[in-house]
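Below is a walk through one protein model, going from single residues to strands, helices and a metal site. The sequence and coordinates come first.

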Amino acid sequence: MTTPQPSGGDSFYLSDVSPADKPWDVHRTLAQEVERLYQLSNEPRYAGRIAACSKELCFALRASDEGEIKLKLQDARFCRVRHCPVCQWRRSLMWRAKFFQVLPKVSEVYPTGQWLFLTLTVRTCPLEDLRDTLAWMNTAWKRLVQRKEFPALGFIKSVEVTRSHDGLAHPHFHCLLLVPVGYFKRGYISQARWTELWKDCLRVDYTPIVDIKRVKDRSKASKGHSVASEGEIDKGLLKAICETLKYSVKPDDLIADPDWLAELTKQLHKTRAIAIGGVLKEYLSEEEPEDLINAGIEDEEISEDDPKLIFDWGTIVRRYKKR
Ligand SMILES: [Zn+2]
């Protein structure tokens, strides 16, 4: 059997043909590790589904205006397992894309609106109590939203769980809040006050760690235009968006321990990762993105004549290889 040779130099692997697509190798490698852990923790169903995830990727080949080669994902099959690193990554990209799509509309309707980035935490808990802890945090969040002082017109709230070195779970909320311009003029809520409010809503006797940041959005100049690409969004806002709409559990924590992963999977089963409220509900749906290829965002049509490139996942080399 002859091994196909790279046609020119290094163009054998996806990451060589298109360095921008290197994350595929990174996330697919992690998926392979999560698959192994599910196998070890006796969850063969999840392992099997992840093994079949994004095994082949079909890209349409394009030349950019500058004459560079660009690959546009056209077809792939995803396993949709909640903690599959590939699907998790795709989902966060799709969420981001959805948000970028509605941002110009939100800016148009609320031209003086400001963004805040709020992080709400509680003490670490045994992983076995994570589900109950999240339910309790959500109740506290509802109380917070109903407080007269709560300033947001709309919010996006996501759940992140990190693993402490001793295997405890540290759940926290990341929230992006849209507040009216008067919020800063009237006297904003200080970090100390946010902490007090959260403590009150949790009804605990310790002081939880709360962080509040104003997100400077200097992309205002482009308001009224269609903000569609990441490059046109202010870096501060982009960072807060990425932080809010990322994975719920970071890959390193997923692959730390098979028993932890199995219990985490049980605890988070069918819990909501992202919640949207207030006026932002009019623009964004809470539903998990269905389409993990292009978020249903209108793009230049791919024509049948566009050349296609197919890459297969190499479980040994841990890279996508040109077929
Ligand atoms: Zn997957």
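Is Val-106 buried or exposed? In this predicted model, Val-106 has a relative accessible area of 4%, so it counts as buried. Val-106 belongs to helix α4, which covers residues 85-109. Beyond four places in sequence, the residues in contact with Val-106 are Trp-115, Leu-178, Leu-280 and Tyr-283. One of these, Leu-178, is 72 residues from Val-106 along the sequence, while the two C-alpha atoms are 9.6 Å apart.

A zinc ion is the next stop. Its protein donors are the SG atoms of Cys-53, Cys-79, Cys-84 and Cys-87, which lie 2.3 Å from the ion. Along the chain, these donors follow the spacing C-x25-C-x4-C-x2-C. Why is the arrangement called tetrahedral? The four donor atoms subtend angles of 102 to 115° around the zinc ion, and the arrangement is therefore tetrahedral. For comparison, the ideal angle for four tetrahedral donors is 109.5 degrees. Of the donor residues, Cys-79 and Cys-87 are buried.

Next come the strands. An open sheet is built from four strands in the order β2-β1-β8-β9, with antiparallel pairing. The edges are taken by β2 (69-76) and β9 (319-322); each has a single partner strand, so one side of each has no neighbour in the sheet. On average, and ignoring direction, neighbouring strands of this sheet are turned by 40° against each other. Within the sheet, β1 (residues 56-63) and β8 (residues 308-314) run antiparallel and are joined by five bridges. Glu-56 has Asp-312 in β8 as its bridge partner.

The number of the edge strand β9 begins with residue 319, and Arg-319 also appears in a contact with helix α1. Ser-15 lies in that helix, which spans residues 14-17. The side chains of Ser-15 and Arg-319 are joined by a polar contact of 2.8 Å. Apart from its neighbours within four places in sequence, Ser-15 is in contact with Lys-22, Asp-25 and Arg-319. Ser-15 has 7% relative accessibility and therefore counts as buried.

A further strand pair involves β4 and β7. Strand β4 (residues 154-163) pairs with β7 in the antiparallel sense, over five bridges. In this pairing, Gly-154 is opposite Gly-278 in β7. How many of the five residues of β7 are buried? Four are, and the strand is mostly covered.

Ile-274 is part of β7, which runs over residues 274-278. With a relative accessible area of 5%, Ile-274 is buried. Leaving out residues up to four places away in sequence, Ile-274 touches Trp-95, Ile-156, Lys-157, Ser-158, Leu-245 and Glu-286. Glu-149 offers a contrasting pair: its C-alpha atom is 23 Å from that of Ile-274, and the two residues are 125 residues apart along the chain.

Ile-156 and Ser-158 also belong to the surroundings of Thr-244: beyond four places in sequence, Thr-244 is in contact with Phe-117, Ile-156, Ser-158, His-174 and Leu-176. Thr-244 lies in helix α8, made of residues 235-244. Its relative accessibility is 1%, so Thr-244 counts as buried. Where does the side chain of Thr-244 reach? It comes to 2.7 Å from the backbone oxygen of Ala-240.

The last element is helix α10, residues 258-268. Eight of its 11 residues are buried, and therefore the helix is largely enclosed by the rest of the structure. The buried residues are Trp-260, Leu-261, Ala-262, Glu-263, Leu-264, Thr-265, Gln-267 and Leu-268. The elements that cover them include α2 (22-40), α3 (44-51), α5 (130-146), β4 and α9 (251-254). At the start of α10, a side-chain oxygen of Asp-257 comes to within 3.1 Å of the backbone nitrogen of Asp-259. Just after the helix, Lys-270 has a positive phi of about 60°.

Definitions and conventions: Residues are numbered from 1 along each chain as its sequence is written. This is a predicted model: local features need pLDDT of at least 70, side-chain atom pairs count only at pLDDT 80 or more; totals for chains, interfaces and linings use all residues. Side-chain values use heavy atoms; hydrogens and water are left out. Helices (H or I, at least four residues) and strands (E, at least two) are DSSP runs, numbered from the N terminus. Buried means under 20% relative accessible area, exposed over 50%, partly exposed in between (1.4 Å probe, protein chains only). A polar contact is a pair of N or O atoms within 3.5 Å; within protein, one must be able to donate a hydrogen and the other to accept it, and residues adjacent in sequence count only if both atoms are side-chain atoms. Contact means heavy atoms within 4.5 Å. Donors are N, O and S atoms within 2.8 Å of the metal (3.2 Å for Na, K and Ca); water is not among the atoms, so sites may look incomplete. Four donors count as tetrahedral if all angles lie between 85 and 135 degrees; four count as square planar and six as octahedral if opposite donors are over 155 degrees apart and all others between 65 and 115; anything else is irregular. Two strands pair if DSSP finds at least two bridges between them. Axes are lines fitted to C-alpha atoms, for helices over the stretch in contact, and angles run from 0 to 180 degrees between N-to-C directions.
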